[in-house]
Amino acid sequence: MADQAVDKDMSYALMDDHVATTSFNMPSTAPTPPQACSPAAVKTTYEKSVDLGVKKCQQPKLKMLMSAVLSGAYLAFGGAVSIMIAGSAPDLNPGVRRLIQGLFGLPIGLTMIVLTGTQLFTGNMAFFTVAVWEKRVTFLEVLKSSGVIYFGNFLGSVLFALMIWGGRIIESDPNSAAFITNVAEYRTHTHWGIMFMRGLLCNWFVCLALWQNMAAGPNDIVSKAVAIYPTILGFVALQMEHSISNMYMIPQGMMLGADTTTGRFLWNNIVPVSLGNIISGILFVGVAKGFIFSKK
């Protein structure tokens, strides 16, 4: 009887070893995620961008407005940092100064917008376009949502400028104050066509930066920052024009005594730059990506 019990125990032990070995050697059935730059990954990025466009376009309007106000303030925060750092060093080589503006300015604000999921009018031009391309939203829905977001971005930008002015933050450094007044005067006295073309170029690369961000993992903050920083640094260094950024920069300069008017601010800058931003976001990114990656 004892021998039979031992044989039985040994049989169970061998069975357990076999099961363990078989389980260990079984191939994984979990799907392998596509590599970052593979055709499958690029296609996945397109699909995620369409989904994001639908989500942003169909957000309840009151939440959309609040989100857009915050987004305008976040971008203005980056602009204020840029003014204080680049403006405080007037004797720097112009190239180095632009590099500093690109590193410590708008990329900070855009990274905040991406990580907090708020509404930015310019970037949405690409996402809304692919959502329309795939017939997930209508043109009328996009028109209504874009109006709410544009107004919210403008409101957030100007409110932030008022708070910076109220805190006498830029005025504490005469060089920075002189820097932003010069910027405001230059951007409102430059030819309409030049501002339009700079706006056209600018949002092409802003939308590409946001599109690249979609390729990063949802929780990979470092990859998201890497996707944003070089592209935004480039457009700042090339002195391209971003309408939402100018909604902060020019009013801030006007509050500090820039020799310009509200009419010049709106007609000579905001109108041409906004039109350029809209056209490039729609055509150069939204329509281009839809044409390339859509199944239709």
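Select glutamate 171 and arginine 168: their side chains meet in a salt bridge, with 3.4 Å from N to O. The model on screen is a predicted one. Glutamate 171 has a relative accessible area of 36%, so it is partly exposed. Arginine 168, at 40% relative accessibility, also counts as partly exposed. Keep arginine 168 selected and add tryptophan 165: the arginine lies over the face of the tryptophan, 4.8 Å from the ring centre.

Now show the whole chain. The protein chain has 12 helices and zero strands. Of its 296 residues, 45% are buried. Among contacts with a separation of 6 or more, 84% involve residues 24 or more positions apart. With a surface display on, the accessible area comes to about 15,100 Å², and carbon and sulfur atoms account for 69% of that.

Return to the salt bridges, of which the structure holds three. Select arginine 136 and aspartate 51, where the closest N and O atoms are 3.1 Å apart. Arginine 136 lies in the loop between α6 and α7 and aspartate 51 in helix α2, so this pair ties together parts that are 85 residues apart in sequence. At 41% relative accessibility arginine 136 is partly exposed, and aspartate 51, at 40%, is partly exposed too.

Next, pick glutamate 241 and arginine 187, a salt bridge with 3.5 Å from N to O. The glutamate sits in the loop between α10 (221–237) and α11 and the arginine in helix α8, 54 residues apart. Are glutamate 241 and arginine 187 buried or exposed? Both are buried.

Stay with arginine 187 and select its helix, α8, residues 174–189. This helix has 16 residues and reaches 23 Å from its first C-alpha to its last, close to the expected 22 Å. Its buried residues include Phe179, Ile180, Val183 and Arg187. To see what covers the buried residues of α8, show α3 (61–87), α4 (94–103), α9 (192–215), α11 (243–255) and α12 (262–293), which are among the covering elements.

Move to helix α6, residues 121–133. Its 13 residues reach 18 Å, close to the 18 Å expected. Here 11 of the 13 residues are buried, so α6 is largely enclosed by the rest of the structure. Among the buried ones are Phe121, Asn124, Phe127, Phe128 and Val130. The cover over the buried residues of α6 includes α2, α7, α9, α11 and α12. After the helix comes lysine 135, whose phi is positive, near 60 degrees.

From α6, step across to serine 49 in helix α2 (residues 39–57). Serine 49 counts as buried because its relative accessibility is 0%. Which residues does serine 49 touch, not counting those up to four places away in sequence? They are Phe127, Val130, Trp211 and Met214. Colour Phe127 and Trp211, then add Tyr46 and Phe293: these four form one aromatic cluster.

The last stop is an aromatic pair. The structure has 11 aromatic pairs. Select phenylalanine 160 and tyrosine 248: their ring centres are 6.1 Å apart and their planes meet at 65 degrees, so the pair is edge-to-face. Phenylalanine 160 lies in helix α7 (residues 139–166) and tyrosine 248 in helix α11, so the pair ties together parts 88 residues apart in sequence. Both phenylalanine 160 and tyrosine 248 are buried.

Conventions. Residues are numbered from 1 along each chain as its sequence is written. This is a predicted model: local features need pLDDT of at least 70, side-chain atom pairs count only at pLDDT 80 or more; totals for chains, interfaces and linings use all residues. Side-chain values use heavy atoms; hydrogens and water are left out. Helices (H or I, at least four residues) and strands (E, at least two) are DSSP runs, numbered from the N terminus. The expected span of a helix is 1.5 Å times one less than its number of residues. Buried means under 20% relative accessible area, exposed over 50%, partly exposed in between (1.4 Å probe, protein chains only). Contact means heavy atoms within 4.5 Å. Accessible areas come from the Shrake-Rupley method with a 1.4 Å probe; for residues, only the protein chains shown count as cover. Rings of Phe, Tyr and Trp (its six-membered ring) pair if their centres lie within 6.5 Å; planes under 30 degrees apart count as stacked, over 60 as edge-to-face and the rest as tilted. A charge sits over a ring if NZ of Lys or CZ of Arg is within 6 Å of the ring centre and within 35 degrees of the ring normal. A salt bridge is a side-chain nitrogen of Lys or Arg within 4 Å of a carboxyl oxygen of Asp or Glu.
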